[in-house]
Amino acid sequence: MPLPMPADGPLIAERRVAAVCASDQSERYVTPILTVEGLSKRFGGVVAVRDVSLAVPRGSITSIIGPNGAGKTSLLNMISGFYRPSEGRITFEARDISRSRPNQIASLGIGRTFQNIALFGGLTVLDNILLGRHVHMRAGVLKSVIYWGLAAREEIAHRARCEEIIEFLRLQDIRKQPASALPYGLRKRVELGRALAVEPRLLLLDEPMGGMNQEEKENMARFILDVNQEWGVTMLLIEHDMGVVMDISDQVVVLDSGQRIAAGRPADVQADPAVIAAYLGKTR
Amino acid sequence: MFHREAGVFKTTYAADMSLFPLPVARKAIAVICVLLVAFIPLVCSEYQLSQFNLIFIAVVGALGLNILVGYTGQISIGHGAFMSVGAYTAANLAVRLDLPFWITLPAGGLMAALIGAAVGVPSLRIKGLYLAITTLAAQLIIEWTINHVPFISGGTQVSIPVPKPSLFGFQFETQRELYFLLLLAAGVATIATLNLVRSRLGRAFVAIRDHDIAAEITGIDIFRYKLLAFAISSFYAGVTGVLYTYYLGIANYEQFQIDVSIDFLAMIIIGGLGSVLGPILGAAFVTLLPIFIRGLMQSMGGLLMNENTLAAVIPNLRLTLFGVAIILFLIVEPEGLNRLWRNSRNYFRFWPFSY
């Protein structure tokens, strides 16, 4: 997979083609990009996540489902570095990230969106997305203060990248609007745009369709599939809408009370008695 | 009416991202520059110029404090102390080592930046009011240290006389000469701030203010950038201290006590947090308010009370009206003078039509 490119690298459009070609190779779906081994998280006496293991194949869409309080978000928070695991290991591209800080994890190539939208309300849509380029930009204090000639060139190069994302997510007409003034569905899309601007190789989406109506859900599902297929970004998402999960996932992992109770292809998981028991209760 | 986007098309990102994309704004800035550089120093008296000079000094400090409070969202009540750090660094370097102004000015700023960053270390763990209290403690500790360590201040209650500033062999003596020096300083500070807040750093600061968790996940090292905000802001404060010291001709710890910190906070609150124009307007407002009150009371106050009471009332009236002004702004227009300006500008965009 391509590493984050310098500002003068090929445009995203060109890389899309490269990614699609690369996706035909046998590597896709086979080598895991992220592995989680024996991961546990305890908050005092409460065990939020208990001995969970999973592997996310490169190029796949993996969904984590489970009833409320199953530990899905806690698992995501550990992967993105907000929680320190009590036990276990998280490996991203053969690198142990169990003890890394969130900003280090972001610069390694893991993007993330939040269940409750976490946009920068005071900034415009464009600036929100430009912020995603932070790890790819270099300007320090002096360059920023002088700006002309030094930081300006970098800003313009990255602006071009952001415009591609804006075009892809169809945000052109609101690019100069403050993020706090946007309706819910659009804010979710802007947040996805900001996460994409980091150029992640793995994208963690926490309930990308939570609180959306059917049309917005369909739009978001299409964006997720496009990002996955055209840009070659591996997706790990938490979602409650079973229809969407079963439609778009390559792999589904089911958590209940902090434990992994099933994992596999959507159809297999749907038929798994343990999953049915967790959602509907046990039959006598 | 004049301020119109219609018909202004931008064909490059560079044009879209320039500081003043509208031709009318560029013309307005040019007019203001001509006024400040050529017109005002020609027509104003020495006394009036001295008021401008005080505003220019305040602009530098207010812009700096606003980077920390308005853009990064970290409160500091210790900026008066950072100014004194800059002032005493410059005074000592100028008197003991006989160093010229162009060295002592950045040296004072850098020393203040160092101390400011150290004071900013707790900001990783504590937020809001608790951080305010830590910076308040820093203010008092620095004040006390400067006053009680003879190596720094030359002894308790002693002031250090400093020479008048000189640049390229030119000595700035009169208010009119100092006017140009301080105008230059305020201009450079304004441009630097404008550039800073539209660059990668400025965006990172706003990200930390608006949503620190999301900032971390987009790869911003929060601790580093908070310290950087403290350092940059304190650098401005240190430069303000140096300018004020050279302006007055003495370094004295009493010029940078806690009321100065509060004054500067008032400037950015009244002017408008998180903008560049706000602190400039706020600095002018807060500097001119006591002068305006004194003028008003001296001309009208005699009708209400005798001279002795008047002399006692004026300084207190300044503090009272100051408090009233802050309360009024917080209630009526929390975004300050900057928002008032933007509202009136937007009104005239469509005038004489309503939309």
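**Exercise 1. Work out how strand 1 of chain A pairs with strand 2 of chain A.**

Solution. Start at the turn: strand 1 and strand 2 of chain A make a hairpin with 2 residues between them, and Gly44(A) in that turn has a positive phi of about 60°. Strands here are DSSP runs of E, at least two residues long, while helices are runs of H or I with at least four, both numbered from the N terminus. Before going on, note that this is a predicted model, where local features need pLDDT of at least 70, side-chain atom pairs count only at pLDDT 80 or more, and totals for chains, interfaces and linings use all residues. Residues are numbered from 1 along each chain as its sequence is written, chains are lettered from A and ligands numbered from 1 in the order written, and side-chain values use heavy atoms, leaving out hydrogens and water.

Next, look at the ladder: strand 1 (residues 32-43) and strand 2 (residues 46-57) of chain A run antiparallel, joined by 8 bridges. Pairing takes at least two DSSP bridges between two strands. For one pair, Arg42(A) sits opposite Val47(A) in strand 2 of chain A.

**Exercise 2. Find how many bridges join strand 1 of chain A to strand 4 of chain A.**

Solution. Count 5 bridges between strand 1 and strand 4 (residues 87-92) of chain A, again antiparallel. Then pick out a pair: Glu37(A) has Arg89(A) in strand 4 of chain A as its bridge partner.

**Exercise 3. Decide whether Ser63(A) is buried or exposed.**

Solution. First place Ser63(A): that's strand 3 (residues 61-65) of chain A. Its relative accessible area is 0%, so Ser63(A) is buried. The cut-offs are under 20% for buried, over 50% for exposed and partly exposed in between, using a 1.4 Å probe and protein chains only. Then check the company: beyond neighbours within four places in sequence, Ser63(A) is in contact with residues including Leu237(A), Val245(A) and Gln251(A). Contact means heavy atoms within 4.5 Å.

**Exercise 4. Work out how enclosed helix 2 of chain A is.**

Solution. Take residues 72-79: 7 of the 8 are buried, so helix 2 of chain A is largely enclosed by the rest of the structure. Now name some: among them are Lys72(A), Asn77(A) and Ile79(A). Finally, step off the end, where Gly81(A), just after helix 2 of chain A, takes a positive phi of about 95°.
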